[in-house]
Amino acid sequence: MGSYLFPGKVPAIPRKLPGYSQTGGNRTFTAYSLVTDHPGSTARELDSKQENDEGTIRKRLAELEKRSRIKRGAPKKCGITGRMAQTWWPCQESEVSRTN
């Protein structure tokens, strides 16, 4: 499955990540799904897509970036805070680190 920005296959991420609790793995998968469904959104905008806006998604973005699943984009004005904020984008399959 691709997106309008990444016509190729979107890299897969397991529903439960090795070495993580079931809850942590599910939250990471949810964060990744939100980035792929809403590319170019800020962390607060992604958090607002969840019923419980406690920063759950924001806490997972750095982990996904470290694993080369998502990447930072150009800052834009956040629709939630009204401030300039970093945007998040899914990586193309060729950008995904094979060791993570």
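Me: How many disulfides does a search of the whole structure find?
Reply: The model is a predicted one. Cys78 counts as buried because its relative accessibility is 3%, and Cys91 counts as buried because its relative accessibility is 5%. A disulfide requires a pair of cysteine sulfur atoms within 2.5 Å. The search of the whole structure returns a disulfide count of 0.

Me: In what order do the elements of the protein chain run from the N terminus on?
Reply: The secondary structure of the protein chain consists of 3 helices and 3 strands. Read from the N terminus, the order of these elements is α-β-α-α-β-β.

Me: Which helix gives the most residues to the largest nonpolar core?
Reply: The largest nonpolar core comprises 11 residues, including Ala31, Leu46, Leu61, Ile70 and Trp88. Two or more residues of this core come from each of helix H1 (22–37), helix H2 (43–48) and helix H3 (58–66). The element with the most, at 4 residues, is H1.

Me: Which residues of the largest nonpolar core does Trp88 touch, leaving aside residues up to four places away in sequence?
Reply: Trp88 is itself a member of the core, as are Val35, Ala43, Leu46, Leu61 and Ile70. The contacts of Trp88 also include Pro39, Gly40, Ser41 and Thr42, as well as Glu65, Lys71 and Arg72. The core residues that Trp88 touches are Val35, Ala43, Leu46, Leu61 and Ile70.

Me: Is Asp47, which forms a salt bridge with Arg58, buried or exposed?
Reply: The closest N and O atoms of Asp47 and Arg58 are 2.5 Å apart. This pair links distant parts of the chain, with Asp47 in helix H2 and Arg58 in helix H3, 11 residues apart. Arg58 counts as partly exposed because its relative accessibility is 34%. Asp47 has a relative accessible area of 0%, under the 20% limit, and is therefore buried.

Me: How far apart are the closest N and O atoms in the salt bridge of Arg67 with Glu63?
Reply: A search of the whole structure finds 4 salt bridges. In the bridge of Arg67 with Glu63, both residues are buried. A salt bridge needs a side-chain nitrogen within 4 Å of a carboxyl oxygen. For Arg67 and Glu63, the closest N and O atoms lie at a separation of 3.9 Å.

Me: With which residue does Glu65 form a salt bridge?
Reply: Glu65 counts as partly exposed because its relative accessibility is 27%. Its partner counts as partly exposed too, since the relative accessibility of Arg72 is 46%. The closest N and O atoms of the pair are 2.9 Å apart, and the partner of Glu65 is Arg72.

Me: What is the bridge partner of Ile70 in E3?
Reply: Strand E2 (residues 70–77) and strand E3 (residues 84–90) run antiparallel and are joined by 6 bridges. Ile70 also belongs to the largest nonpolar core. In E3, Ile70 has as its bridge partner Pro90.

Me: Which residue in the hairpin of E2 and E3 takes a positive phi near 80°?
Reply: The hairpin has 6 residues between its strands. The residue there with a positive phi near 80° is Gly82.

Me: What share of the exposed area of the protein chain do carbon and sulfur atoms supply?
Reply: Of the 100 residues in the protein chain, 38% are buried. The chain exposes about 6000 Å². The share of this area supplied by carbon and sulfur atoms is 49%.

Conventions
Residues numbered from 1 in each chain as written. Predicted model: local features only at pLDDT ≥ 70, side-chain atom pairs only at ≥ 80, totals over all residues. Heavy atoms only, no water. Core = buried A, V, L, I, M, F, W, Y, C linked by side-chain atoms within 4.5 Å. Buried < 20%, exposed > 50% of the residue type's maximum accessible area, 1.4 Å probe, protein only. Contact = heavy atoms within 4.5 Å. Pairing = 2+ DSSP bridges. Areas by Shrake-Rupley, 256 points an atom, 1.4 Å probe, with all protein chains shown as cover.
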